[in-house]
Amino acid sequence: MAGDALYKAFGSAVSTRRKALGLTQADLAGKVNMSRASIANIESGRQNVLLHHAYALAAALDFAKVAELLPSMPQKTLGEDLKMTLSNQALSRKTLSQDAEAQVADLISSALQPRRGRS
């Protein structure tokens, strides 16, 4: 996940939880000692978040762990950048659907990833 997308996902999680708790941006800002404008910028993904602010936001939003507020960081697979070229003539005459191509890319990526516990 690119940096901008990461901050947008984090901001969306803050906004969703804040609304679920019935808090305004001003309410949340008061709980974390930030300005309402900062909360608005965080929620829209325009403001980078310092680590201590992430912890303060998680606590103010009633999360037990800050990790519950953080978006997952998907692993970039090698298959994302691969163009599928099939050497088998029978298959090469047919066009794969996007789903099938994604499955092939995932298989190749998992096969190329190093195994744990092996050097």
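Two residues are said to be in contact when heavy atoms lie within 4.5 Å of each other. With that in hand, the predicted model can be explored through helix α2, which spans residues 25-32, and the two helices packed against it.

A good place to start is the pairing of α2 with helix α4, made up of residues 51-60. Here Leu28, Lys31 and Val32 of α2 meet Ala56, Leu57 and Ala60 of α4. The axes of the two helices come within 9 Å and cross at roughly 120°. Because of that angle, α2 counts as oblique to α4. The crossing of α2 and α4 is right-handed.

Helix α3, covering residues 36-43, is the other partner, and its axis lies 8 Å from that of α2. The angle between α2 and α3 is about 105°, which means that α2 is roughly perpendicular to α3. On the α2 side, the residues involved are Gln25, Ala26, Leu28, Ala29 and Val32; on the α3 side, they are Arg36, Ile39, Ala40 and Glu43. Leu28 and Val32 thus appear in the meeting with α3 and also in the meeting with α4.

Gln25 deserves a closer look. This residue lies in α2, and its side chain makes a polar contact of 2.8 Å with the side chain of Arg36. Setting aside neighbours within four places in sequence, Gln25 is in contact with Arg36, Ile39, Ala40 and Glu43, and with Arg18 as well.

Aromatic rings round off the picture. A search of the whole structure turns up zero aromatic pairs. The ring of Phe63 does, however, have a charged group over it: the charged end of Arg17 sits there, 4.1 Å from the ring centre.

Notes. Residues numbered from 1 in each chain as written. Predicted model: local features only at pLDDT ≥ 70, side-chain atom pairs only at ≥ 80, totals over all residues. Heavy atoms only, no water. Phe/Tyr/Trp six-rings, centres within 6.5 Å; stacked < 30°, edge-to-face > 60°. Lys NZ or Arg CZ within 6 Å of the ring centre and 35° of its normal. Helix = DSSP H or I, 4+ residues; strand = E, 2+ residues; numbered from the N terminus. Polar contact = N/O pair within 3.5 Å; in protein donor to acceptor, adjacent residues only side chain to side chain. Axes fitted to C-alpha atoms, helices over the stretch in contact; angles between N-to-C directions. Parallel < 35°, antiparallel > 145°, perpendicular 65-115°, else oblique. Left-handed = near helix turned anticlockwise from the far one by under 90°.
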